[in-house]
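Student: I would like to go through the terms used for this model and check each one against its cut-off.

Tutor: Good. Ask about one label at a time.

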Amino acid sequence: NADVRVFDSAGLRIAGLGGSMRYKPGPNQYTEWQMRLRGLGLEARVAWRRARDRRPVDVLATHAPALGVGDGDDPPHRGFACFHRVVRTLSPRVHIHGHVHPYGRVVPRHRIGNTEVVNVVGHTIIEI
């Protein structure tokens with residue numbers, strides 16, 4: 001479980017945020033404000049780790065996408081605006097997300113600054 005965690009695996013530093021936009025009662029759904037607070041907590045954890053060993057985040061893994069970057073128009077698949085800040089602050093090489101299922105469509109890769117954004121629903125090979 002990578003939710004609000006920073007860990008090292010296979011030589012990569014990975015930071016994660018789980019959950020989707022709140023669209024009905026239930027677990028693992030957050031308002032924009034709630035996810036913003038969770039993102040700030042993750043940023044603090046990354047800053048502490050970076051101060052300790054100077055290693056940057058290689059991969060940001062989130063369940064939902066960032067708003068306007070591979071998300072959907074319907075409330076369950078809308079992305080989080082606050083992820084733009086998290087990506088800019090952490091500056092990972094790649095931001096991977098799921099939640100939006102392309103159902104046979106080719107999904108283009110996006111960028112937020114220098115970070116490549118990839119929907120990994122199904123399977124995806126990424127070279128880092």
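Student: Why is N28 called exposed?

Tutor: This is a predicted model, and every value here is computed from it. N28 has a relative accessible area of 53%. Exposed means over 50%, so N28 counts as exposed. N28 sits in the loop between β3 (20-21) and β4 (29-30). Its phi is near 60°, a positive value in a residue other than glycine.

Student: H99 also has a positive phi, near 70°, and is not glycine. Is H99 buried or exposed, and how do you know?

Tutor: The relative accessible area of H99 is 13%. The limit for buried is under 20%, so H99 is buried. H99 is found in the loop between β6 (94-97) and β7 (110-112).

Student: What makes the pair R49 and D8 a salt bridge?

Tutor: The distance from N to O between their side chains is 3.1 Å. The cut-off is 4 Å between a side-chain nitrogen of Lys or Arg and a carboxyl oxygen of Asp or Glu, so the pair qualifies. Side chains of opposite charge can pair when their charged atoms come close.

Student: Why is this pair said to tie parts of the chain together?

Tutor: R49 lies in helix α1 and D8 in strand β1, so the salt bridge connects parts that are 41 residues apart in sequence. R49 is buried at 14% relative accessible area, whereas D8, at 37%, counts as partly exposed.

Student: Which salt bridges does D58 make?

Tutor: D58 meets R55 at 3.8 Å, N to O, and R93 at 3.2 Å, N to O. The pair of D58 and R93 links distant parts of the chain: D58 is in the loop between α1 and β5 (59-62), R93 in the loop between α2 (82-90) and β6, 35 residues apart. Salt bridges with shared partners join D8, R13, R49, D53, R55, D58 and R93 into one network. The structure holds nine salt bridges.

Student: Why is D58 called buried, and R55 and R93 partly exposed?

Tutor: D58 has a relative accessible area of 5%, which is under the 20% limit. R55 is at 27% and R93 at 48%. Partly exposed covers what lies between 20% and 50%, so both arginines get that label.

Student: What makes the link between D3 and R38 a polar contact?

Tutor: Their side chains make the contact at 2.4 Å, and the cut-off for a pair of N or O atoms is 3.5 Å. D3 is found in the segment before β1 (5-9) and counts as partly exposed at 25% relative accessibility. Leaving aside neighbours within four places in sequence, D3 is in contact with G16, L17, G18 and R38.

Student: How do you know that L40 can belong to a surface patch?

Tutor: L40 has a relative accessible area of 37%, and patch residues need over 30%. W33, L37 and L40 make a nonpolar surface patch of about 320 Å². L40 is in helix α1 (residues 32-53).

Student: Why does the radius of gyration agree with a compact globule?

Tutor: For 128 residues, the globule rule gives a value near 14 Å, and the protein chain has 14 Å, so the two agree. The C-alpha trace spans about 40 × 30 × 25 Å along its principal axes. The chain has two helices and eight strands, and 40% of its 128 residues count as buried.

Conventions:
Residues are numbered from 1 along each chain as its sequence is written. This is a predicted model: local features need pLDDT of at least 70, side-chain atom pairs count only at pLDDT 80 or more; totals for chains, interfaces and linings use all residues. Side-chain values use heavy atoms; hydrogens and water are left out. Helices (H or I, at least four residues) and strands (E, at least two) are DSSP runs, numbered from the N terminus. Buried means under 20% relative accessible area, exposed over 50%, partly exposed in between (1.4 Å probe, protein chains only). Contact means heavy atoms within 4.5 Å. A polar contact is a pair of N or O atoms within 3.5 Å; within protein, one must be able to donate a hydrogen and the other to accept it, and residues adjacent in sequence count only if both atoms are side-chain atoms. Patches are made of residues with over 30% relative accessible area and no salt bridge: like charges are joined within 9 Å, nonpolar side chains (Val, Leu, Ile, Met, Phe, Trp, Tyr) within 5 Å. Accessible areas come from the Shrake-Rupley method with a 1.4 Å probe; for residues, only the protein chains shown count as cover. The radius of gyration is taken over C-alpha atoms; the globule rule is 2.2 Å times the number of residues to the power 0.38.
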